[in-house]
Structures are given as C-alpha cells and as structure tokens.
Amino acid sequence: MPPPATVRQSPVINLDRGDPSVFEPYWKKNGGKCTITISGHESLSYFSDPHSVCWYMEPELQEAIRRVHRIVGNARTEGYHVVVGTGSTVLFQAALYALSSSSAAVAQPMKVVCAAPYYSQYKEQVELLQSRLYEWGGDAKTYDDEDKTAPFIEVVTSPNNPDGSLREAMVANKTENGGKLIHDLAYYWPNYTPITRPADNDIMLFTLTKCTGHAGSRIGWALVKDVAVAQKMTSFMQITTIGVSKDSQLQAAKILQVVADDCESKAGAFGYGGDDADRTFFGECRKVMAGRWEKLREVVKGKDVFGLPKYPKRYCNFSGRYFQPAPAFGWLECKEGCDASALMKANNVLTRGGETFGASNRYTRITMIGREEEFDCFLERISGIHCVDEDKDKDKEGEEGLVVILDNNGDAHRGNGDSNGHGNWLHEVK
C-alpha cells in the first residue's frame, strides 16, 4: 500500500477568487424557470428606452430590480434612478467619474478613501486610469485633510469585503464639506446577512453576481438619488461600452423575476417570515452559507492557530427572525502572527493575503462561496494544521498532520508527516 500523499502532492485549492459556485445546486434544481427565448430580430438597437436616464436599460430589468428590492427590503428605490452596468465594477468607475467631474475645479485630484480592511481591488480600480480627477487616498481611518475642506470620496462597503462587518461612513461626517459617498452593498442580501433596514444612501451599488450567483451574466446596477449623477454615470457607460448587453439584461430580468415570484408565492398570511422565508431562494442559500460557517468555526475552535471574526445576531426584517451573518468570505487570522496567506499556500490553498486589503499579513481572505468539494477539502487541510514553538516542541514535528513551526525569528515553517514516518519534511514558506 503506497504511503499517504503529502501536501505537496495534493491538489491546489483556489479560495482566492469570489466565484459564487455555492448557488449552483439551487439553480440546477430550479434553473428551468429562467429559460428565455431571444429571436434574431430582437436586441438590434442600442436603445431600450430613449426617454429614460439610463436609455440602454431594458424596462423588464428595471422593473425586476425595483421589485426584488421592495420584497427583500434591503434598499429604497422610490425617488431613485437605476443605472445598469457590466457588473458593479464598471459602475464604481462610473460613480468616481460622476462625483469627481461634478465638483468645482481643484488643484489636486479628489482623494478616494475606504476604511481598512477594504476590498482589494478598490485601489487597483482607482489607480488603473491614472485619472487627473481622482486618486487613491488610502485608509479612511487614517485620512487627514488638514484644512478639512478639500473634496474627497469615501467608499463604504457594507457588509464589508473581506471581514463581513456592517459599516457606516467614517470620514464624510467629520469634515465641513461632508465628502461624497459611494455605498457598495453587493452583499446586503438575506443569504449573507440580516436585513435590518432599507438602505437609502445617495449611490448604492449592487450586482447579480452576489445576489443570485450569476457572475457570468455580468450585470450590476446602481441606485442613484441625484439625477445629474445618474446622467453622468450613464454618460460614462455610453463612452466606455455604449450600454450593456440586452441579452444579459433580459436573462438577469428573468432570474430576478423568478426569485421575486418564489418569495411572493411562499409568503405567509402576514408576509415573509419564519418558515416561509426559509423556503425561498434567499432562505435556502442562507442555510447553506450558515452550514459552511458552522463547519469552519468548529474546525477553528479546536485549534490554537487561527481566529475568525464574531458576528452578533440581528433581527432580519425579511426572514422575521434573529440570525448571525454568514458572509461570503472568511477573514482568517493566524494567531501566531505569521503570514497567513503564505501559510495557506504552503498547504496548497490559495487565498488573498491581508496586505492587499490594507491590513496585516497575519490575516488572509478565504472564499466561502466556492464549490462544496473544494470547501470540504479546505476544512480537511486546515484541521491538520497546528503551531508549535521550535525550541519547546520539536518533538511534535512528527505528529500526523501539518505542523507549522515558528522559529526564533517568528518565521513560519511547515512539517508534514505521520506516525509511520511517511512524508516527513520541513519547508520554509517565506
């Protein structure tokens, strides 16, 4: 019988990306309801509604977006303009352009800030075009405008990517001009977090990717209160992409209609809540997410290596009950202070390190929304990791599983072996 495979021989698990495959089983059972037929003579024109602010948006999509927000109760849509984009990423760029170009001319580009840990691609997106209108200003917690009057843009992500926390603006309320705000609410859906109130911010970004899991459709939308800002965002879309695929819009509209129909058909006599909400798309997906978090916490609880954020229970207006958030990502901390991402990589698990989020490298982000087999394999990997002190516990190096050894300099090393001596080796991860 061959010796057991070492970690070096094990397949690499990619938990870096936020690919929402977790929803695939649900849509395999219910995807037939989302089938649409598009004839060859359809989608010929650039225009969908020439009289609308967002003239390329299909009316069916706008109706579905407003309907699903009304049912879930996570955002107000009355008095808001809907702007559709190819995912929410391009809408973030559109919002930056709209807000910075609307300001009075200034000698310096507007600073764009976000409280750390912030979404790793914000900095990349702000710096990509090297715009003279705006530039990356870093962590909102440490942002200091000396004269308190310089215009700036603060990005508020709630629930936050990567740590799942609920957030409010940190800087905008502390300066004379108040700053300008972009709220990224991609994860403010009941499959991840309790819906405590309908958001009513000036600019709110959402995406089909995190709402229903249809990342490949590349549909995002912004709810914008100011018509002038909505017009400028639409102009950005016109200049960069001349609109958004009508085929994708119609598919997204059908998916959102199916989700909304599902919720309404299962509503009890007094509306959504309890068992009724649990049987909806959001309820079923929340149970899957909660189950994954329960498994991860159980593995981490018995170790002295890792830590995870704790989330208080909150009342969800949609489900009609209290529950803990189950974020799309796990913000894993290595308690011993070593490089958490490097530690994961040493065990053939790819994650996104804390430094890319403006945080310490003792943190790393793991996706909770990938395929079940990958997630279970990840749990198996980390369940075998434990830290030992190089001087005091060298005798533990031969224990079965993966041993992380911290030397006198605090550098992390790894040993892999079992009681029979198979696969013993030591590998530096730095």
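Visitor: Which residues does Asn 74 touch, not counting residues up to four places away in sequence?

Guide: In this predicted model, local features need pLDDT (the predictor's confidence in each residue, from 0 to 100) of at least 70, side-chain atom pairs count only at pLDDT 80 or more, and totals for chains, interfaces and linings use all residues. Residues are numbered from 1 along each chain as its sequence is written, while side-chain values use heavy atoms, with hydrogens and water left out. With contact meaning heavy atoms within 4.5 Å, the partners of Asn 74 are His 69, Tyr 188, Trp 189, Ile 195, Arg 197, Pro 198, Ala 199 and Phe 206.

Visitor: Is Asn 74 buried or exposed?

Guide: Asn 74 lies in the loop between helix H2 (59–72) and strand S2 (81–85); helices (H or I, at least four residues) and strands (E, at least two) are DSSP runs, numbered from the N terminus. Buried means under 20% relative accessible area, exposed over 50%, and partly exposed in between (1.4 Å probe, protein chains only). Because its relative accessible area is 0%, Asn 74 counts as buried.

Visitor: With which side chain does that of Asn 74 make a polar contact?

Guide: A polar contact is a pair of N or O atoms within 3.5 Å; within protein, one must be able to donate a hydrogen and the other to accept it, and residues adjacent in sequence count only if both atoms are side-chain atoms. At 2.8 Å, the side chain that meets this criterion with Asn 74 is that of His 69.

Visitor: How many residues apart in sequence are the parts tied together by Arg 352 and Asp 16?

Guide: Arg 352 and Asp 16 form a salt bridge (a side-chain nitrogen of Lys or Arg within 4 Å of a carboxyl oxygen of Asp or Glu), with the closest N and O atoms 2.8 Å apart. Arg 352 belongs to strand S14 (residues 352–353) and Asp 16 to the loop between strand S1 (13–14) and helix H1 (24–30), so the separation in sequence is 336 residues.

Visitor: Where does Lys 246, the partner of Glu 58, lie?

Guide: Glu 58 and Lys 246 form a salt bridge, their closest N and O atoms being 3.9 Å apart. The pair links distant parts of the chain, 188 residues apart: Glu 58 is in the loop between H1 and H2, and Lys 246 is in helix H7.

Visitor: Over which residues, with 74 contacts beyond four places in sequence, does pLDDT stay under 50?

Guide: Where pLDDT is low, the predicted coordinates should not be read in detail. The protein averages a pLDDT of 86, but the score stays under 50 over residues 405–430.
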